[in-house]
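Here are my notes on the model you sent over. Have it open while you read, and go through the points in any order you like.

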Amino acid sequence: MTNLLPEMAEIWQQTLNWQPTVQQQGQFQRLYELILEGNRQLNLTRITDPQEFWEKHLWDSLRGIAPQRQFIPSLQEGTSVIDIGTGAGFPGVPVIITAPICTITLMDSTRKKISFIEKIITELDLINAKTLVGRAEEIGQHPQHRQVYDIALIRAVGAASVCAEYALPLLKLGGLAVIYRGNWAEEETTALQNAVNQLGGVIESIEKFTTPLSHSVRHCLYLRKVANTPANFPRAVGIPTQNSL
Ligand code: SAH
């Protein structure tokens, strides 16, 4: 096997004040191999080079749950996390590998992707991971999922206000949504503010950072749920994207 992921212990330490255990490094490696394998049948990711995979999938996924370079303190036993539009498992799979005492729901609208995720869960023995096939617009109206999660993660699914409309209904009061972004311009904040207000949230912080190897710019938007989301949100399938808040 020539596709060996780098360890990057020093970078993990410097950037997130953390290092993977031998077991976690093994799970990252296995995840990488399964994705390379899965890529032959499914279009999972363009990112296949080991360094690039480490940076853009592993490091990026974990940076989002480490605002101010420290893992969110509430990532502990009993905390329920949902990853909306997880695709090949990002950011959710690296997050559950790192915080295995949380429970995580890996959700996507594509059945084929979720079948692949189920294989990952079995192979990596991720006992606290569950899967869910569905559209965020429907899941957010379902009593079993609405207002039950502590943390919602969402990367590369849509515009920020669309992500907010998908994520905030799923959160408990006091819960946190993390929206992963590439670029973010100051002017976009006002529009997002307006959307988030209507959904019962506030923008708690926006963090800008650069990735440690290629020095690409990233942003994470942290939204806090401070009031109940009105019953009409999320709107019907397709409406949040067609007519974003
Ligand atoms: N989060 C992953 C995948 C991003 S691609 C990553 O960052 O690598 C976007 C994914 O979101 C796709 O797998 C797509 O099926 C899913 N998706 C898009 N709209 C959705 C919706 N409304 N509800 C649930 N999943 C959705």
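What follows is a numbered list of things I would look at in this predicted model.

1. Start with the main nonpolar core. The largest one has 50 residues, and Trp12 and Leu126 are the ones with the most contacts inside it. Helix α2, residues 22–38, gives the most to this core, with 6 residues. As a bit of background, nonpolar side chains in soluble globular proteins tend to be buried together.

2. Leucine 126 is a handy place to centre your view. Leaving aside neighbours within four places in sequence, leucine 126 is in contact with Gln27, Val93, Ile96, Ile97, Ile120 and Ile121. Apart from the largest core lies another one, of 28 residues, and Ile84, Ile179, Ile203 and Leu221 are among them.

3. Right beside leucine 126 in the numbering, have a look at aspartate 125. Its phi is near 60°, a positive value in a residue other than glycine. Aspartate 125 lies in the loop that runs between α5 (111–124) and β3 (129–133). Is aspartate 125 buried or exposed? With a relative accessible area of 57%, aspartate 125 counts as exposed, because the cut-off for that is over 50%.

4. Methionine 8 makes a good comparison. Methionine 8 is not a glycine either, and has a positive phi of about 60°. You'll find methionine 8 in the segment before α1 (9–16). Methionine 8 has a relative accessible area of 17%, so it is buried, the cut-off being under 20%. For context, most residues other than glycine have a negative phi.

5. Back to helix α2 for a polar side chain. Glutamine 25 lies in this helix, and glutamine 25 is buried, with a relative accessible area of 15%. What does the side chain of glutamine 25 reach? The answer is the backbone oxygen of proline 6, at 3.4 Å. If you leave aside neighbours within four places in sequence, the contacts of glutamine 25 are Leu5, Pro6, Glu7 and Pro20.

6. Helix α3 deserves a slow look. This helix covers residues 50–64, 15 residues in all, and reaches 20 Å from its first C-alpha to its last, close to the 21 Å expected. There is a bend of about 25° in α3 at leucine 58. At the N-terminal end, aspartate 49 acts as the cap, with a side-chain oxygen 3.2 Å from the backbone nitrogen of glutamine 51.

7. How many of the residues of α3 are buried? That would be 12 of its 15, so α3 is mostly covered, with buried meaning under 20% relative accessible area. The buried set includes Phe53, Trp54, Trp59 and Leu62, and also charged-type names you might not expect to see listed, including Glu55, Asp60 and Arg63.

8. Helix α7, residues 160–167, is mostly covered too, with 8 of its 8 residues buried. Among them are Val162, Cys163, Glu165 and Tyr166.

9. Now the strands. In β4, residues 149–155, 7 of the 7 residues are buried, so this strand is largely enclosed by the rest of the structure. Strand β4 pairs with β1 in the parallel sense over 4 bridges, and valine 81 stands opposite isoleucine 151 in β4. Strand β4 is also joined to β5 (residues 171–181) by 6 bridges, again running parallel. There, leucine 153 has valine 178 in β5 as its bridge partner.

10. The hairpin of β6 and β7 is the antiparallel case. Strand β6 (residues 201–210) and strand β7 (residues 217–225) pair in that sense over 9 bridges, with phenylalanine 209 opposite arginine 218 in β7. The hairpin has 6 residues between the strands, and histidine 215 takes a positive phi near 55°.

11. Last, two prolines to check by eye. The peptide bond from phenylalanine 90 to proline 91 is cis, with omega near 0°, and proline 91 lies in the loop between β1 (80–84) and α4 (92–98). A cis peptide bond also joins phenylalanine 233 and proline 234, where omega is about -5°. Proline 234 is found in the loop between β7 and α9 (239–242). By way of background, most peptide bonds are trans.

Key. Residues numbered from 1 in each chain as written. Predicted model: local features only at pLDDT ≥ 70, side-chain atom pairs only at ≥ 80, totals over all residues. Heavy atoms only, no water. Helix = DSSP H or I, 4+ residues; strand = E, 2+ residues; numbered from the N terminus. Expected span 1.5 Å × (residues − 1). Bend = angle between axes of the 7 residues up to and from the residue. Buried < 20%, exposed > 50% of the residue type's maximum accessible area, 1.4 Å probe, protein only. Polar contact = N/O pair within 3.5 Å; in protein donor to acceptor, adjacent residues only side chain to side chain. Core = buried A, V, L, I, M, F, W, Y, C linked by side-chain atoms within 4.5 Å. Contact = heavy atoms within 4.5 Å. Pairing = 2+ DSSP bridges.
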